[in-house]
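User: I am new to this structure and would love a close look at one part of it, the sheet. Could you walk me through how its strands are arranged and what lies around them?

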Amino acid sequence: MEIREVIDGTQKFWEEVVQAIQAHAGEINRLRRIESELFGNERYGNSLSAYEDYEQRAHLWQAASVLMSKLVRVAIKEFSPSSSSQIQIDWNDIAKAVGFANERRPEFNAHVFWKELERRYGGSKGATNAYQQAARMLISEFRIKPEAGIQRRRDGIVLNLGIRAEQKYSSRYRIDGDDERQIGRTAAALMSFASWAHMPTLEQGMTAFVKVWVGRDQVNSRESFIYGDGVTGQIKITTYYNRFEFVFDARASEKLQLFLGEFGFPAVAEAA
């Protein structure tokens, strides 16, 4: 289905939802009046509960918010440069920008909502946003500070991820859920970098690295993983109890510097 068909269909669906909720409210009120005419206003009330205005608003807001989140998923697929480098979009930010974020007065228009998504992420803006988000994530997770310098080993960059394994209820060292999520965020950002840098082997390797740590919490000190290849570049990841060390070879280091220089540090400076 074409994007325009999805947007038009979403708007038509929304209009039918509004009509259905209004019709339901009207029918409930009609039936309650008939019952009152038959039996009077008895102390035990009607057999049908009133469909109050606040309930109607809640149902409209539920429908609108779900439709907006679904349109955002369509936008992520449409405007991201690749499946490995997806834009992160908060539907509530878009809703606020177009005036659709008031739960007490639910409003929605698929065409207006999509126009704002296109304005922000259409054309090359989607790729730029995706790479900026990934670069900022790497700077944040690895705590990179240009003024402090970056550690090097031979010809490669060394970055440390602040993972801390502890002994919990046994002699084994384990990480918690926050650490697992940090590993996932970092790997996703490196996957985006690898996609930009045309490093398919490293891109696939980051997917494999995440799979290693999905549901795994035990850390073995000095266990190493190597991802990438010697032609396009590779990363050696070594686990310690107080950090995960990422060593980029010369090729990967050069590309990482270019990536952070173009998408990371300017964006960080603008945000500040």
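Analyst: Let's begin with a term: two strands count as paired if DSSP finds at least two bridges between them. Strands of a sheet pair through backbone hydrogen bonds, either parallel or antiparallel.

Please keep in mind that this is a predicted model. The protein chain averages a pLDDT of 91, and 96% of the residues score at least 70.

Now to the sheet itself. Five strands make up an open sheet, and they are ordered S1-S2-S7-S6-S5 with antiparallel pairing. Strand S1 (152–153) and strand S5 (223–229) are the edge strands; each has a single partner strand, so one side of each has no neighbour in the sheet.

Let's visit the S1 edge. Here the partner of S1 is strand S2 (residues 156–161), and two bridges link S1 and S2 in the antiparallel sense. If you want a spot to find by eye, look for Arg153, which stands opposite Gly156 in S2.

Just before this edge along the chain there is a loop between helix H5 (125–141) and S1, and Arg143 is found in that loop. Is Arg143 buried or exposed? The cut-off for exposed is over 50% relative accessible area, and Arg143 has 70% relative accessibility, so Arg143 counts as exposed. Arg143 and Asn160 are 17 residues apart along the chain, yet their C-alpha atoms are separated by 8.3 Å.

Next, travel to the other edge, at S5. Seven bridges join S5 to strand S6 (residues 233–239), and S5 and S6 run antiparallel. The connection is a hairpin, which leads from S5 to S6 through three residues. A good pair to pick out here is Phe225, which stands opposite Ile237 in S6.

Finally, a few places outside the sheet help to set the scene. On the surface, Leu31, Ile34, Leu38, Phe39 and Leu48 form a nonpolar patch, with about 450 Å² of accessible area together. One of these, Leu38, sits in helix H1 (residues 3–39), and Leu38 counts as exposed because its relative accessibility is 61%.

Confidence varies between elements: helix H4 (residues 110–121) has the highest mean pLDDT, 98, and helix H8 (residues 250–271) the lowest, 81. Over residues 268–272, pLDDT stays under 50, and the model has two contacts for this stretch beyond four places in sequence.

To retrace the tour of the sheet, follow the order S1-S2-S7-S6-S5 from one edge to the other.

Technical notes
Residues numbered from 1 in each chain as written. Predicted model: local features only at pLDDT ≥ 70, side-chain atom pairs only at ≥ 80, totals over all residues. Heavy atoms only, no water. pLDDT = per-residue confidence, 0-100. Helix = DSSP H or I, 4+ residues; strand = E, 2+ residues; numbered from the N terminus. Contact = heavy atoms within 4.5 Å. Patch = residues over 30% accessible without salt bridge, like charges linked within 9 Å, V, L, I, M, F, W, Y side chains within 5 Å. Areas by Shrake-Rupley, 256 points an atom, 1.4 Å probe, with all protein chains shown as cover. Salt bridge = Lys/Arg side-chain N within 4 Å of Asp/Glu carboxyl O. Buried < 20%, exposed > 50% of the residue type's maximum accessible area, 1.4 Å probe, protein only.
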